[in-house]
Structures are given as structure tokens and as C-alpha cells.
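Work through the exercises below with the sequence and the structure at hand, and compare each result with the solution that follows it.

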Amino acid sequence: MLLGVDVGGTFTDAVLLTPERAFTGKAPSTPADQSEGVLAAVQAVLESAGAQAADVTRFVHGMTVGTNALLERKVATTALLATEGFTDIEELGRQTRAELYRLCAGNPPPLVPEALRVGVPERCGPEGVITPLDEEELGRRLAVADAAESFAVCLLWGFRHSEHESRVAALVGERLPDAHISTSHETAALFREYERCATTVVDAALSPLLRRYLEQLTTQSQAAGLPAPEVMLSSGGVAGADAAARHGSWTVLSGPAGGAVGAGQAALRAGAATAVCLDMGGTSCDVSVASDGIVVTGSGREVGGRALALPMVDVHTVGAGGGSIAWRDEGGALRVGPGSAGADPGPACYGRGGTEPTVTDANLMLGRLDPGNGLAGGVELDLEAATRVVSRLAGTLGLDAMDAAAGIVRVAAAQMAQAVRVMTVERGSDPRDMALVAFGGAGPLHACAIADELGMTRIIVPEASGVLSALGLVISERRRDLVESVLLRGPELTADAVGAAVAALAARGRSELGAPDAAVRCAFDLRYPGQAHELTVTGGQDADPADLRSAFEKAHLERYGYDDADAGVELVTIRVTVAEPGAELPAEASSGGPADLSGPEVCPLGDSTLYVAEGWSGGHDGDRAIVLERD
């Protein structure tokens, strides 16, 4: 049996996959100790299946430990060891402003304080060592950082010549055996020093926290009879707990990645070539895009204002979830989020002391949730409490309580529709040509309103929409993503040079994955000489430079409207993914569902609820999903 557990802001979801069928379970999340909620969800799903912990052969976990720590700056005390003269790279960053029209809006403060930035006496250039590493002087300088729990080592040319970084790490390890050490050539071997440095710092700052959490969870899991957990990576693949603990930066989007993978597969099974994947939980809404069943990934992004130059599922998040709090702004307008009632106390209708009106309270008042049935995870619903808090807000807005509830739902849907526009319209895609895959505990409740806002005409709601993120964990591939900046141009850019670099990365990935026969996928970042940024194209392990140029020029024409046949082409970075396929869904027939739905209608789905709005109709497709079409 395969077990997947995903931690959300309000609920922790579990899926148990047997050869015959999938079982699901939920438990309230426990922000103070995530492992407590994880084990509660595991117990719920085992009871649902009538199984024992000893029956589980593989346990995959998606979490928010790294994300929360980074956003809240509750990270390990971290020192930065950088080439002398370059110790302020993380703080200096790029010249881009956080907000275009707010000149005083700054970027988040650096994770490494000035007192813990150590200049390393060394210098390398493109061809190798210019100034040898002065180990004796470095030893003297390290004294100021003895109080650090973790160290980030990022030397100027460490991405190409890693010898000095490796030696510095060894010296720190000899001095402080218990300290965590992240080196840039192992974390993100890219040539842009700011992004590489920022990523390495995040890696060092998160890894000790992640290691402690995973060690605790592993101990508790094994005591309960479960196997040691594997961890969902930000790239949409799975790695062992040891690898994840060594590189905390790899797991920053661990939570959203599982849902994106599951939604991509749901879209493929329903015959949607391209789809918007919308995961609305209790705290936030994550939007991604899938093509031919594969969720779109990027080569880097910012999380909490900090650059991460790593392969990551391309997700845009907004603070619109079931627990998002509705409020009146200074101008008298109705707003929703980003504040959330979370898991504790939760929405007022949970009866746990919540005093603020939320999206869930509004849906309950509108009859889209049944107070007699409650929610998955054993949550009872209190209609009177929901009416009381929404009515109080309605009074400040000069509205009837039911009008206020309807307004809360409309505002939340508009915010999520805007998130979809960010991922589609703003990138040159038309959402009207795509299907909307709605999942999460609250996603199906708002799917029709979001689709109407965007002019979309097809909605796919998986049977397991309420726990689709957990399901995505167990069907995700085991993988290792590696990057290397090679900077090949002119006569250096040959098939032999490209093939050698790919082969080295593939061999390293297979070794680290422990899978000598794992499949290899390749991508290449190219640009014209003088350009500041690259375009990424795919290719095989034996990619020919001429084929890469052709693919690059096609991508350049699509992106910028022109290409230049007379210009040279530079291969900047090679990206290699080594992967083993994930589990297949059980061969059982679908559990079935309503064959004829016509709005307005409410359709309970077990772990979530679908609201079919007026003008929409459809039914179960016979293959684990409900499909709705606009009339």
C-alpha cells in the first residue's frame, strides 16, 4: 500500500492507494506541531481502509515547514562565506524595486546579518584559480561565525570551479562538526552570483529546521509502524528524507507541487490538452497550468521576496481560501483575505471560537454547504454562528446578511480569477481555450463562478478533489534535478561538449537517486550574444547544437516576434532531470457519481462539495471525474 499525506493550512489530507482502490482521510492541521496532524490523518485513512500501519510500503509527504519558516523568517542562524569583496551580495540583490510606484517599499531584510558575513581569501576566474585559498587566514576569520548553526558557502566562480568551495566546507566541518553546510555548486550551480547566493543562503537557513522536523516525523512514523517518509520537492518529484533534509530549499513549494501533479493527471485522463489547475484550500488558492498532463515548471522564482534559482512547479498563490477573512476597508469596500482563520480557531461556523466572517461561513449561509452533514475530518457546522459574524459585517457595509454572504463569495472568486489571469493572459495564453481543474476542499464550490469570470466553458472536478494533493504525492515520480552553467559559444559549442556535460549530470543524478536505469530528460538555456536572459528549450541526451539553435529560434520568434539567423547562439545552462515513474492509479472502475447535473445544484463529493451554478450542466465521466460544460 502507498500512503500520501499533504499538510494544508486548515486540513491535513491522506490517501492510501491499494491495488484495488484509493481510500481517503482528513484531520485538522496542527501548525504548532505538523507531525501531530500528519499522524492523525494517517490514522484516519488507515481506519477508513481497515488497514494497519505495517501494510504501508511507501510513505510520501508534502509539507509547508520550509515555506512557513521562510515567510515568517523563523530560520536557523546562518553565516555566509563568500569571496572577499562579495559578502554583501544577498543584501544588494538586484536593482528592481519591490513595488514600482512605492519608492520606499523595500525588499525583505537579508537572512544573514552583517556580522556573520565572512570574506574568503581566494579568487577564481573562468580558467581556474587566480588567488589560491588562504586557509590560515580563513581560519582566523571564521572565529566571528562560531555561533552560527548553518553556513552558506558561495564563492564567485564556485559554479564552474568547485574546489575552493569544497575545501572551505571541509574546514568549517572540521571546526564545527555539528553545523550544517550548504555549498552553491551542490545547491544551484548557476552563473548568476546573486541568484546562486540567495538560493544557497535559503538552503542553509532552512535545512536545519527541515532536518529536525523530518527526523522527528521519521521517528514517530517508525514508532507507529510506518516506513520512513519521502518528501515532495518543489519541482514536482519525490526524494528521500535524507536528501530533502540536506537541501531545505528544494522543498519550499512541497505543498502546492503535489496538487499540481495530481491535477495535471486528472486533466489528461479527462482529455484536456491544456488546463488551469486551481487548488483552493482553507488558507490560500494555488494556480498552475498543465499541458498534456504535465504541470508547467520554471527555472526559478521568488518566494517571500527571496530569489530561488531552482526547478519549481510554476504556481501563483493568492490569499483566498475557505478560511479567508472578509472585512471592510477604509474606503467602505468589501475585501476578502489575505488574513485567514486557519485551522485554529477556524471559521466561526466550526464552533471553535472563531469570531471573524470567512468564505466558508458565507457558503454555509448560501446553502452551498449542508449544516447537517458537516465537513470531512469530523468538522461540524454551526449555521447560527456563521450568520452572526456575517451579519455583523453586513451592518458595517449597509447590506442585508445574505447579500453580504453573496458578496464575500463573489469577491473571493474574483481574486482567484485574477490569479488565473496572471498564469494565462499575462503570459500570452487564453484561458477560454483551457479546461479548469478545480480541487481542494473549497475549489469545486467556486469553480463555476471563476470559469464564468474568465469565459471558460469546461470544468473538471476529480472525484478525489478534496484530497487531490495527497493523491498527487503517491503518483509523483522519484526524481533528481540538476543544473550546470556551461557557457558554451562559437567553436566550443559542439555535440561532443554538450553530450559530455549531459552525461556527467545524468550519471550524477542516477547515482544520487540510486537508480542506474532511470529515465533522463534534458533542457537547455540559450541566448543570442549580448542578451541578459535566456530561453529554455527541450532536447535529448545527444542533442545537436544545430537542433538546439533551431528550437531556440522558434521559441525566440514566438516570445519576441523575431529571430536573427546571422547571430551566434550561446548555450548557457544545461538542465537534466533523472526520474523514475510514480505509482499507477488502481485499475478499479470509478466509484461513480451523478450522471446528470444541472445548475443550480449542490453535489457532495465526500471530501469536498461541488456547487453547480445556473447555466452549467454535466455529470460523471466514468473515469474519476465530474465534467461540467457551459450551457
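**Exercise 1.** In this predicted model, determine how the lining of the second largest pocket divides by class into nonpolar, polar and charged residues, and establish which element gives the most to that lining.

*Solution.* Begin with the classes: the lining has 10 nonpolar, 6 polar and 10 charged residues. Next take the pocket itself, whose volume is about 440 Å³; of its 26 lining residues, the closest to the centre are Asp 242, Ala 243, Ala 245, Arg 246 and His 247. Then turn to the elements that give two or more residues to the lining, which are β10 (180–183), α7, β12 (238–240), α8 (241–246), β25 (478–489) and α15 (495–513). Among these, α8 gives the most, with 5 residues.

**Exercise 2.** Find the buried residues of helix α2 (residues 65–72), and identify the elements against which they pack.

*Solution.* Applying the cut-off of under 20% relative accessible area, one obtains Val 65, Gly 66, Thr 67, Ala 69 and Leu 70 as the buried residues of the helix. These pack against α1 (34–49), α7 (193–223), β17 (301–303) and β18 (306–308). Following α2 comes Arg 73, whose phi is positive, near 60°.

**Exercise 3.** Identify which helix gives the most residues to the largest nonpolar core.

*Solution.* The core has 63 residues, and those with the most contacts inside it are Leu 278, Ile 408, Leu 436, Ile 450, Ile 459, Leu 610 and Leu 628. Helix α12 (residues 401–423) gives the most to this core, with 12 residues. Apart from this core lies another, of 52 residues, among them Leu 155, Ala 179, Ala 188 and Met 312.

Conventions. Residues are numbered from 1 along each chain as its sequence is written. This is a predicted model: local features need pLDDT of at least 70, side-chain atom pairs count only at pLDDT 80 or more; totals for chains, interfaces and linings use all residues. Side-chain values use heavy atoms; hydrogens and water are left out. Buried means under 20% relative accessible area, exposed over 50%, partly exposed in between (1.4 Å probe, protein chains only). Helices (H or I, at least four residues) and strands (E, at least two) are DSSP runs, numbered from the N terminus. Contact means heavy atoms within 4.5 Å. On a 1 Å grid over the protein atoms alone, a cavity is a set of points where a 1.4 Å probe fits but cannot get out, and a pocket is an open set with protein on both sides within 12 Å along at least five of seven lines; lining residues have an atom within 4 Å of a point. Grid points are joined across faces, edges and corners, and a volume is the space filled by probe spheres set on the points. Ala, Val, Leu, Ile, Met, Phe, Trp, Tyr, Cys and Pro count as nonpolar, Asp, Glu, Lys and Arg as charged, and the others, Gly among them, as polar. A nonpolar core is a set of buried Ala, Val, Leu, Ile, Met, Phe, Trp, Tyr and Cys residues joined through side-chain atoms within 4.5 Å.
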